[in-house]
Amino acid sequence: MLAMDTCSSESRALKEAVRLIRPYIVDMDSDHDEKYEAACNGSSGVRVVGVVGCSHSSVTIQVANLLTLFKIPQVSYLSTTPTLSNTERFPYFTRTVPSDVYQAYAIIRLLREFNWTYVSAVYDDSNYGIKGFSELEKLALEEGVCFAVTEKLQKEGGDLSDDAYNYIISRLLTNTRAKGREITVRKS
């Protein structure tokens, strides 16, 4: 077993994945098939039988694209983007957590349970946030839930500025059609 830290970085994850698949990479010459079979059978190095990880969906997508080329299975314990559910694109990927589609269903059920049909949404500018909101938006349309305000958190350098927080809060508070307002903001 070998553990590698991707630091939640797509480029670092790809670099580490390339290190894992190095025995599978061969020169494209006349002996290609023989060398490929030898590499896949482990005779030219340690054979990778599978990869566990990554934790961020955007990182997982990058690694899964590479591992698919070499038919190496990948299991993620945290990647939830619906993109990874495409078995034609990611035939060697699986996960131990449900797709964000189910989170969107749960949110819609909660909104319908409380008869909240006019709501606002704030989501992160990441694969997780964008795809999650996209699923929520599709289901909301089907269920008659309308969005008063939708805001994407645009992070600069990994952090959200105080001005960005203030702008989003002011957008949420100025909607005159909203009957109730509850805002919870947590800044790390």
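**Entry 1: the sheet**

I began with S1 and strand S2 (residues 74-76), which run parallel and are joined by two bridges. This is a predicted model, and I read it as such throughout. I then looked for one bridge pair by name: Val52 has Val75 in S2 as its bridge partner.

Stepping back, I found three strands in an open sheet, ordered S1-S2-S3, with parallel pairing. Strand S1 (51-52) and strand S3 (93-95) are the edge strands, each pairing on one side only. I also checked what lies against the sheet: H3 packs on it and touches S1, S2 and S3. The direction of H3 makes about 165° with that of S2.

**Entry 2: the cores**

Next I looked up the nonpolar residues. The largest nonpolar core has 14 residues, and Ile21 and Ile72 have the most contacts inside it. Helix H1 (10-21) and helix H3 (57-69) are the elements that give two or more residues to this core. So H3 turns up again in my notes, having already been seen packing on the sheet.

I followed Ile21 outward. Setting aside neighbours within four places in sequence, I found Ile21 in contact with Leu66, Leu67, Phe70 and Ile72. Apart from this core lies another, of 11 residues, including Tyr123, Leu136, Ala140 and Val145.

**Entry 3: salt bridges**

How many salt bridges does a search of the whole structure find? It finds three, and I took them one by one.

- Arg19 and Glu16 meet through their side chains at 2.9 Å, N to O. The two are separated by about one helical turn, because they sit three residues apart in helix H1. Glu16 counts as buried at 10% relative accessibility, while Arg19 is partly exposed at 46%.
- Glu135 and Lys138 form a salt bridge at 3.1 Å, N to O. Both lie in helix H5, three residues apart, about one turn of the helix. Lys138 is partly exposed, with a relative accessible area of 46%.
- Glu151 pairs with Arg171, with the closest N and O atoms 2.7 Å apart. Glu151 is in strand S5 and Arg171 in helix H6, so this pair ties together parts that are 20 residues apart in sequence. Arg171 is partly exposed at 31% relative accessible area.

**Entry 4: Glu135 and Glu151 in their surroundings**

I went back to two of the acids. Is Glu135 buried or exposed? Its relative accessible area is 14%, so Glu135 is buried, the cut-off being under 20%. I placed Glu135 in helix H5 (residues 127-143). Not counting residues up to four places away in sequence, Glu135 touches Pro82, Val101 and Ala104.

Glu151 is buried as well, at 11% relative accessibility. With residues up to four places away left out, I listed what Glu151 touches: Ala121, Val122, Tyr123, Tyr167, Ile168 and Arg171. I was pleased to meet two familiar names there: Tyr123 is among the residues of the 11-residue core, and Arg171 is the salt-bridge partner.

**Entry 5: Gln154**

Where is Gln154 placed? I found Gln154 in the loop between strand S5 (146-153) and helix H6 (162-173). Gln154 counts as partly exposed, at 46% relative accessibility. Beyond its neighbours within four places in sequence, Gln154 is in contact with Asp125 and Leu160. I also took the C-alpha to C-alpha distance from Gln154 to Ala164: the two are 7.8 Å apart in space and 10 residues apart in sequence.

Note on methods
Residues numbered from 1 in each chain as written. Predicted model: local features only at pLDDT ≥ 70, side-chain atom pairs only at ≥ 80, totals over all residues. Heavy atoms only, no water. Core = buried A, V, L, I, M, F, W, Y, C linked by side-chain atoms within 4.5 Å. Buried < 20%, exposed > 50% of the residue type's maximum accessible area, 1.4 Å probe, protein only. Helix = DSSP H or I, 4+ residues; strand = E, 2+ residues; numbered from the N terminus. Contact = heavy atoms within 4.5 Å. Pairing = 2+ DSSP bridges. Axes fitted to C-alpha atoms, helices over the stretch in contact; angles between N-to-C directions. Salt bridge = Lys/Arg side-chain N within 4 Å of Asp/Glu carboxyl O.
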